[in-house]
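Please take a moment with the sequence and the model that follow, and keep the ligand in view while reading on.

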Amino acid sequence: MTELTRPTFLEIHLSQLRKNLEAIRARVQPAKVMVVLKANAYGHGVDGVAPYIAPFADFIGVATLEEGIHMRTLVADKPILVMGGTLPEQIPAFPRHNLTLTASSPDLLRAASQVAESTGQTLRVHLKIDTGMERVGVRDTEAEPFLLEAAQTRGVEIEGIYSHYANSDAADLTHARLQLERFNEVLHLYEKHSLPPPTIRHISNSGGILQLPEGNFDMVRAGIMFYGVYPMLETQRTVDVRPAAVWRSRVSYSKVTPPGRPISYGSLWTAERPTRIVTVPCGYADGYFRRSTNQARVLVNGKSYPQVGRICMDQFMVDMGDDAAELGDPVTLLGEGIDAYDLAEWAGTNAYEVLTNISARVPRVFVTE
Ligand SMILES: Cc1ncc(COP(=O)(O)O)c(C=O)c1O
C-alpha cells in the first residue's frame with residue numbers, strides 16, 4: 001500500500017471468474033459461451049476482466065456502441081455483440097471497430113445494408129426477436145417477413161438470431177417456456193422457407209443456463225452467473241459458481257460516542273450507552289447505497305457489526321459496541337460471508353444493481369492466484 005492507494009477498493013479474483021466460465025461451459029457444451037461484459041463487467045472492472053477472460057470466451061457481449069468500441073481496444077480478436085438499442089446514425093462505427101450489430105427492426109437492418117453498400121464492408125448482424133420481453137426486437141408474430149427480408153438484404157452477413165428471456169430466473173418458468181416455444185417457432189420458419197438458419201441461435205441468459213438447458217441452442221449469454229452470483233435467490237443452482245469480488249475498506253476514525261449524541265445527517269441513530277463508533281471511508285458516491293442506512297452490516301476485523309446513522313456521500317459509521325478498533329483495521333463490505341443478496345436486501349434492490357452500482361471512484365484491484 002502506498003500513500004496513493006485508496007483504502008476502499010474492490011478486489012477481483014480473476015481465476016475465480018475463469019473457474020465460473022469453465023463451470024458454465026461444462027454445463028452447456030457443445031454450445032458456445034458469450035461472456036457478458038457490459039456495465040464495466042457488471043462493476044468488476046472491464047479493463048482488467050476483459051483482457052484476462054477473452055482468450056477463454058467464444059463471444060463477448062456489451063450493451064452499447066461505446067462499450068463495444070472500448071472493448072475492441074482491450075480485445076483484438078474475439079467477436080463482440082452490441083446487444084442494446086442502436087440508432088441508425090451509429091451503424092457506420094460497427095464495421096470500423098469490427099463489432100457485431102443487433103438488428104432489432106427492419107429499419108435498422110435496411111440502414112445497416114445502406115452502410116455496407118456505401119462503405120463496401122460487410123456488416124455482421126444478429127437478428128433480435130422479441131418473444132415476450134417487449135423491450136427491443138421484432139415480435140415473433142411479425143418475424144416471418146423480417147427473416148425473409150434479412151435473407152435478401154445485401155451487404156449484411158446474418159450470423160445470428162436471438163431473443164431474451166424476461167423470467168428465466170424465476171421459480172415459475174411458465175413465461176420463459178412460452179418464450180422458448182415462440183423462439184422455436186420462429187426458427188422453424190427457416191425450414192418452412194428452405195432457408196439455412198443463422199449459425200448462432202441464442203436465447204439463454206444466466207436464468208436460462210441454470211434452469212432451461214433445452215434452450216442452449218448454439219450459444220448462451222452468461223452475465224451475472226459468470227461473476228459468481230445467481231440471478232435470484234430462488235433460481236436453481238445447477239452450476240457451481242462463486243463470487244469473484246470482495247469490497248474492502250479500512251477504519252479511518254475510531255472513537256467512543258456517548259449516549260445522546262446522534263450520528264450523521266438527519267440524526268437517525270443515537271447510542272443508548274457509550275459505544276465504539278468507527279468511520280469507514282466509503283459512501284454512496286462509491287455505490288454504497290444511502291438507502292441501506294441503519295440496515296447494512298459490515299465486517300470489522302472479521303466480525304459483523306451494524307452500520308448506523310445516515311450513510312454519507314464518502315463515509316459511513318459502524319457501531320462496534322464494546323469492541324476495540326484501531327485506525328486502519330480491515331473492513332469488508334461485500335464478500336467473506338456478506339453476499340450481494342445481503343446488500344440488495346438492505347437497499348431494496350437486486351444483486352445486479354449492487355454490483356453495477358459500485359462506482360468508478362472505487363479502484364479495482366485484480367488478483368490472479
Ligand atoms: C440481451 C442480454 N443477454 C444476456 C444478458 C445477461 O443476463 P444475466 O446477467 O441474467 O445472465 C443480458 C443482461 O441483462 C442482456 O441484456
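In this predicted model, an oxygen atom of the ligand lies 2.6 Å from an N or O atom in the side chain of Tyr352. Two further side chains bring polar atoms to oxygen atoms of the ligand: that of Ser206 at 2.5 Å, and that of Arg135 at 3.3 Å. With polar contacts taken as pairs of N or O atoms within 3.5 Å, the distance of 3.3 Å given for Arg135 can be read against that cut-off. Taken alone, the ligand exposes 400 Å², and of that area the protein buries 91%.

Where does the ligand sit? The ligand is found in the largest pocket, and the residues that surround the ligand there include Tyr352, Ser206 and Arg135, together with Lys38, Tyr42, Met83, His164, Asn205, Arg221, Gly223 and Ile224. By residue class, this shell around the ligand divides into four nonpolar, four polar and three charged residues, where Tyr counts as nonpolar and Gly as polar.

Apart from the ligand, the model can also be followed through its salt bridges, of which the count comes to 20, on the rule that a side-chain nitrogen of Lys or Arg lies within 4 Å of a carboxyl oxygen of Asp or Glu. One of them joins the side chains of Arg110 and Asp107, with an N to O distance of 3.2 Å. Both Arg110 and Asp107 belong to helix 6, which covers residues 106–119, and they stand three residues apart, about one turn of the helix.

Methods
Residues are numbered from 1 along each chain as its sequence is written. This is a predicted model: local features need pLDDT of at least 70, side-chain atom pairs count only at pLDDT 80 or more; totals for chains, interfaces and linings use all residues. Side-chain values use heavy atoms; hydrogens and water are left out. A residue is near a molecule or strand if one of its heavy atoms lies within 4 Å of it. A polar contact is a pair of N or O atoms within 3.5 Å; within protein, one must be able to donate a hydrogen and the other to accept it, and residues adjacent in sequence count only if both atoms are side-chain atoms. Accessible areas come from the Shrake-Rupley method with a 1.4 Å probe; for residues, only the protein chains shown count as cover. On a 1 Å grid over the protein atoms alone, a cavity is a set of points where a 1.4 Å probe fits but cannot get out, and a pocket is an open set with protein on both sides within 12 Å along at least five of seven lines; lining residues have an atom within 4 Å of a point. A molecule sits in a cavity or pocket if more than half of its atoms lie within 2 Å of its grid points. Helices (H or I, at least four residues) and strands (E, at least two) are DSSP runs, numbered from the N terminus.
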